[in-house]
Amino acid sequence: MLGTVDEIVFDCADPVALSTFWHAVLGGSEPTHRRAGWSYFDTPAGLRVAFQGVPEPKRVKNRVHLDVAVDDVPAAADAAVLLGATRQGLIHADAVGTFQVLLDPEGNEWCVVKAA
């Protein structure tokens, strides 16, 4: 083993706004705005999620995204939309489970998922 995950960091235009959105999705400690261009919070599971301001906009599909486990995919997707997310396509279901692809307020892809 080389190491352990210290935190997951999103590059973004507005760290304060995006940390507030993701805190509403994941819960945990209140967001900390450590300095201009850097915010973070710790999830109930102990993972730190951080947001780093960068000047360039998001241009292409993420190569990595978060899957957020939920009890009810349609209800969670509806709640996420009320927080500022956007649905990307339809809900998908198969023998493994159900998921809905969403975009956060800056266009980062993520999914609400429920195993079968």
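**Aromatic pairs**

I looked up the aromatic pairs first and found six in the structure. The model is a predicted one, and I read every value below with that in mind.

I took Phe21 and Trp22 to begin with. Their rings are 5.5 Å apart, centre to centre, with 85° between the planes. The pair is edge-to-face. I then checked exposure: Phe21 is buried, and Trp22 is buried too.

Next I turned to Phe41 and Phe51. Here the ring centres are 6.2 Å apart and the planes meet at 15°, so I logged the pair as stacked. The cut-off I needed is that planes under 30 degrees apart count as stacked. I placed Phe41 in strand 3, residues 38-42. Phe51 belongs to strand 4, residues 48-53. Ten residues separate the two, and the pair links distant parts of the chain.

Are these two rings buried or exposed? Phe41 has 0% relative accessibility, so I count Phe41 as buried. Phe51 also comes out buried, because its relative accessible area is 0%.

I then asked which residues form one aromatic cluster. My list reads Phe10, Phe21, Trp22, Phe41, Phe51 and Trp110. Both pairs I described, Phe21 with Trp22 and Phe41 with Phe51, have their residues in that cluster.

**Largest pocket**

I moved on to the largest pocket and noted a volume of about 410 Å³. Its lining has 20 residues. Closest to the centre are Val9, Phe10, Asp11, Asn62 and Asn108. I recognised Phe10 from the aromatic cluster.

Which strand gives the most to the lining? I found that strand 1 does, with five residues. Strand 1 covers 7-12, and strand 9 covers 109-115. Each of these strands supplies at least two residues of the lining.

I also sorted the lining by class. I noted eleven nonpolar residues, six charged and three polar.

**Ala76**

My last entry concerns Ala76, which I located in helix 2, residues 73-83. Its relative accessible area is 18%, so I recorded Ala76 as buried. The threshold I applied is under 20%.

What does Ala76 touch, leaving aside its neighbours within four places in sequence? I found Val70 and Val112 in contact with Ala76.

I also looked up the distance from Ala76 to Glu109. The two are 33 residues apart in sequence. In space, I noted 15 Å from C-alpha to C-alpha.

Note on methods:
Residues are numbered from 1 along each chain as its sequence is written. This is a predicted model: local features need pLDDT of at least 70, side-chain atom pairs count only at pLDDT 80 or more; totals for chains, interfaces and linings use all residues. Side-chain values use heavy atoms; hydrogens and water are left out. Rings of Phe, Tyr and Trp (its six-membered ring) pair if their centres lie within 6.5 Å; planes under 30 degrees apart count as stacked, over 60 as edge-to-face and the rest as tilted. Buried means under 20% relative accessible area, exposed over 50%, partly exposed in between (1.4 Å probe, protein chains only). Helices (H or I, at least four residues) and strands (E, at least two) are DSSP runs, numbered from the N terminus. On a 1 Å grid over the protein atoms alone, a cavity is a set of points where a 1.4 Å probe fits but cannot get out, and a pocket is an open set with protein on both sides within 12 Å along at least five of seven lines; lining residues have an atom within 4 Å of a point. Grid points are joined across faces, edges and corners, and a volume is the space filled by probe spheres set on the points. Ala, Val, Leu, Ile, Met, Phe, Trp, Tyr, Cys and Pro count as nonpolar, Asp, Glu, Lys and Arg as charged, and the others, Gly among them, as polar. Contact means heavy atoms within 4.5 Å.
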